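Dear colleague,

I am handing over the structure we spoke about, and below it you will find my notes on what was found. Please read them with the structure open beside you.

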Amino acid sequence: MDTKVWGVLLIVVFLLGIGIGYMAKPSAPAAATGGVKTVTVTTTITKTGAAGTAPPKPAEQKEYVIGLAIAVTGGYAVDGPRRRNGAILAIEQINKMLEEAGSPVRLKYIHEDTKTSAEGAIAALEKLNSAGVKMVVGPLATSECKAVLDFLKTNKITAISPSSTGTAAMVKGDFCFRAPSPDKYQGPALANIIWQQGIKKLVILARNDDYGKGLADLVEENFKKLGGQVEKIIYDHTQPDLSADVERASNAVNKFGADAETGVLIIAFDDDGIKILEAARLDPTLSKVRWFGPDSMKRATFLPPKSKEDIALFLQKVHFMATTPAVGSKDNPLVKEFIEEYTKKFGESPEASTYTFYAYDAAWIAGLTVLVAHKYDGVAFQKILPVIAKHFYGVTGWKLLDEYGDAAVPIYDIVAPRKLPDGTWNFVPIGKYDGTTKAVTLFEQP
Amino acid sequence: MDISVPLMNSLTLGSLYTLMALGLTMSFSVTKIANFAHAELVTLGGYVTALLVNWMGFGLAESLVAAFFASALLALAMDELVFKPLTRRGSRTLYLLVASIGIGLIVRYILYIYADLNGIITIQTKADIQIVSQVGRAAITTMHLWIFPVTIISVILLHVMFHYTKVGKALRAMADNEDLARVSGIRIYRLRRIMWVIAGGITGVAGGLWSAYSVLTPEAGWQALLRIFAASILGGLVSFWGTIAGGIIIGLAENLGISIANEFFYVNTAYRPLVSFIIIVVVFLFKPTGLAGIDVIGWIKRKMGKGE
Amino acid sequence: MADAIIQARGITAGYGKAIIIQDVNIDIERGKITAIVGPNGSGKSTFLKTIFGLTRVFKGQIIYEGRDITKMLPEERARIGLGYVPQVNNVFPNLTVEENLEMGAYARTDKEQVKADLEEIYSVFPILRERKKQKAGSLSGGERQMLAMAMALMGKPRVLLLDEPAAALAPKVVTQIFTKIKEIVASGVTILLVEQHAKRALNLCDMGYVMAGGRVVMKGPGKELLADEKFVEAFLGKR
């Protein structure tokens, strides 16, 4: 056949293939279907742990559904399932409480995979909507939240995201609440922390999505306000190789002067993060300056056994520190209980991802909102949720929301990678940042 | 502007893309299948290497050998289970291409499921990579001492095989005209199997090196496929030397090219994939035979002949 | 009946689902030249390919040396003494002339003899020796045809199937090729020749078959056919 025709065909099929690949990612099976169901239970409900049995009279049991629009494939393939599990645990605990109280009400969840993409998030919400769901925990990413804002509003569905912190989804009066403090607080926090470390010139390497660009802009703005210089590099995180971007960062550091007054802020996710760190650790210039990161850099992916120890050693060498929305101290009985129950149920500590804690709190708030409303109505949920949140103190602290519906108490843990005495690596808290006072407290040096 | 670092990156990536593309060039020229599942041969080789090194404590060399055989086996299975039966039934190349996309998806998501269950969706082969020397600002690492020799040796071996052994010549004959090859008594199905083993194997080794150089996800091969095709197409889809040149050109265009464009014209480095894409389109429009169609040696000889 | 090295019995064959030739019975006599003539599209070439297993056989049998080879793969037929020179695409264009000849001898294991045969081929076709390092794709039509025939001979076939060896060649080259064919027969090789140029072929052959519309319509010794008025009227008359 004519080679030209082949070429055109090849290109078309290439695009087609990419499309197919995109759509065909496996979605986790939905846990159940149906919105609000009224089920007449005629069998005896046996109470676990109690000596007696529940009265055998038939109870009119009411089930409220909470949708979990949480990505478990794509960029969140690793962290997504953990967060989903956090939410599931909360719903189960609420149900246990209701059962013990003899209440006829139960919560039930339906999970839909948002695939870490805007289209995936909309598709997931559409599925939940057609199942009649009006209260949703999720989606995770800011780009996903932003994509579904209109859909939520038109269909009167209230959502609470366990992990979106980007500015792109910061909208007044929307139906999307956010459990962590948004980047509006993290941007200044990072700028202040970095500035207070004596850094005057900052190179920012950020992934090309709403989260990365939004946070990079915020840090840049605040850092310049403090009097610093900024060179911002936005890289395409979908590329197989990022050495050209690392090279740019290296150049920028060189221009600023590779000294104690220059720093690098990396805003990455799992695989793009490793690609950058692997290339950076072999770059003599980049190893000379200090590195910083936001919450997304505090992932187990960057430490052994998930990645090479060389990367962890590099992070330690450049005195890496990352901010992460503060999770209550482990001495807090609430936090302790959550960690124990989660570990028992899922065989892994929730500490692998901070946002598992937020997913747990978000699901509790969602559940309580539904129960308090006592009617399954998205508009009512939207009115009630901020009030419930204001009176809620969870494993991630006080959930007072600001005028945008986002957590308003910006307290961040400052963490650094450490090799623990048992030979494992982990990010350990080395300080705190209080957004209300802009005070950085370090208990140990990074 | 110091070009040592982008130059080094270009050569490294170019070599890796070459190594990945050699198998594609080989299987395309012999079977005429534009095999999109080639991406999965890369990924599988990567995972085999990563798991053997990280979990079983094998050395990189042994693991790469294992990766060779794993991907060779996968390539063989693809052909025996799908391509060969379809070809025998007289399927057109377009159907084979679509089938290859299907195989790719299946293998990719099996890998996804496996990786998910084992918590290794992102994994990096824990090869000990250290800096051994420095050229300008660019570091030469132990990884380079793997990547460059493996690529060069692979190309030389393939060249020797295809031009100086009976099997290799028969493969070229098969690539030229399958019916005539059969008429000459060449057992094409046996040769085809040999071809898939070698093509798959080399690709697996490339995946293994990639997993140590960069990071691996079940999509790693798929993400690199555009470059692999670009390198192969630049080489005219039939020539190994063309493929090397193609791989290096892609590497240079995506690193040095974009660095220069960024330095002087402020082009965002995020536009890198566009470079590969443009190369594919331009080659198909203006020079469908790729670099293989350019007779460099002949040209040099003519020039030298004239000079004498 | 004469000593037939290949017998085609009631062959119905074609490609995919299409039937091209029907109920064809042809005997190829040992050590002789058998010619099949007929107009374009009469199924001559398809029959040749069928003998080599390159088509789909719906009905009938091909017997070679008393053995049914109907279901045998083409590459295996090449290994039991069949040789075939297709009309077009009969060399490997990206291989050198020498490599092409090596491919012709691919199935042979007698390395020393192959070398000797190669030298012999070069002495018979000196032009091929001159061009041995050149790619076959760069040869002229006549050179290519010679290479194709030389390739087939390198396989030491007992039966050689030739598909229009003289098509589109200059008259001088045609004469050369036909002389060559006679030499080949003289060396003991059986030849089955397909030709559109009926007169030329029938003059050369011992036995002739005339095909039209996918069937054998006439047969007989070549000279007799040429003398047959009915044949001359139907196939040569308009000349």
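Two pairs of chains touch in this structure, and of these the pair formed by chains A and B has the most contacts. Please keep in mind throughout that this is a predicted model.

Between these two chains, 41 residues of chain A are in contact with 43 residues of chain B. On the side of chain A that touches chain B, at least two residues each come from helix 1 (3–23), strand 8 (229–235), helix 7 (243–256) and helix 8 (270–281) of chain A, and the largest share, ten residues, is supplied by helix 1 of chain A. Sorted by character, the residues on this side of chain A are 16 nonpolar, eleven polar and 14 charged.

The other pair that touches is that of chains B and C, where 16 residues of chain B are in contact with 22 residues of chain C. Helix 6 (166–176) and helix 7 (178–183) of chain B each give at least two residues to the side of chain B that touches chain C, and helix 6 of chain B accounts for the largest share of that side, with five residues. The residues of this side of chain B divide into six nonpolar, four polar and six charged. Chain A and chain C, by contrast, are joined by no contact, and their closest C-alpha atoms lie 15 Å apart.

Turning to chain A on its own, its secondary structure comes to twelve helices and 16 strands, and 54% of its 446 residues are buried. Among the contacts in chain A with a separation of 6 or more, 69% are between residues 24 or more positions apart.

The domain assignment of chain A gives domain 1 (25–181 + 333–398) and domain 2 (184–325 + 411–442), and the centres of these two domains, taken over C-alpha atoms, are separated by 32 Å. Each of the two domains brings 19 residues to the contact between them. On the side of domain 1 of chain A that touches domain 2 of chain A, helix 4 (residues 142–154) of chain A gives the most, with three residues, and the residues of that side divide into six nonpolar, eleven polar and two charged.

One strand of chain A may be worth following in the viewer, namely strand 10 (residues 290–293) of chain A. R290(A) and F292(A) point one way from this strand, while W291(A) and G293(A) point the other way, and all are buried. Strand 10 of chain A pairs in the parallel sense with strand 9 (residues 262–267) of chain A over three bridges, with V264(A) standing opposite W291(A). Strand 10 of chain A also pairs in the parallel sense with strand 11 (residues 321–325) of chain A, over two bridges, and here F292(A) stands opposite M321(A). Together, strand 9, helix 8 and strand 10 of chain A make a right-handed β-α-β unit.

In chain B, I would point you to L216(B), which is found in the loop between helix 8 (188–213) and helix 9 (220–234) of chain B. L216(B) counts as buried because 29 other C-beta atoms lie within 10 Å. Leaving aside residues up to four places away in sequence, L216(B) touches G46(B), Y47(B), A50(B), I123(B), Q124(B) and S211(B). Of these, G46(B) is 170 residues from L216(B) in sequence, yet 6.8 Å from it in space, C-alpha to C-alpha.

With kind regards

Notes:
Residues numbered from 1 in each chain as written. Chains lettered and ligands numbered in written order. Predicted model: local features only at pLDDT ≥ 70, side-chain atom pairs only at ≥ 80, totals over all residues. Contact = placed C-beta atoms within 7 Å. Helix = DSSP H or I, 4+ residues; strand = E, 2+ residues; numbered from the N terminus. Nonpolar A, V, L, I, M, F, W, Y, C, P; charged D, E, K, R; others polar. Domains from an automatic or database assignment. Buried ≥ 20, exposed ≤ 12 C-beta atoms within 10 Å, placed from the backbone. Pairing = 2+ DSSP bridges. Right-handed = clockwise from strand over helix to strand, strands pointing away.
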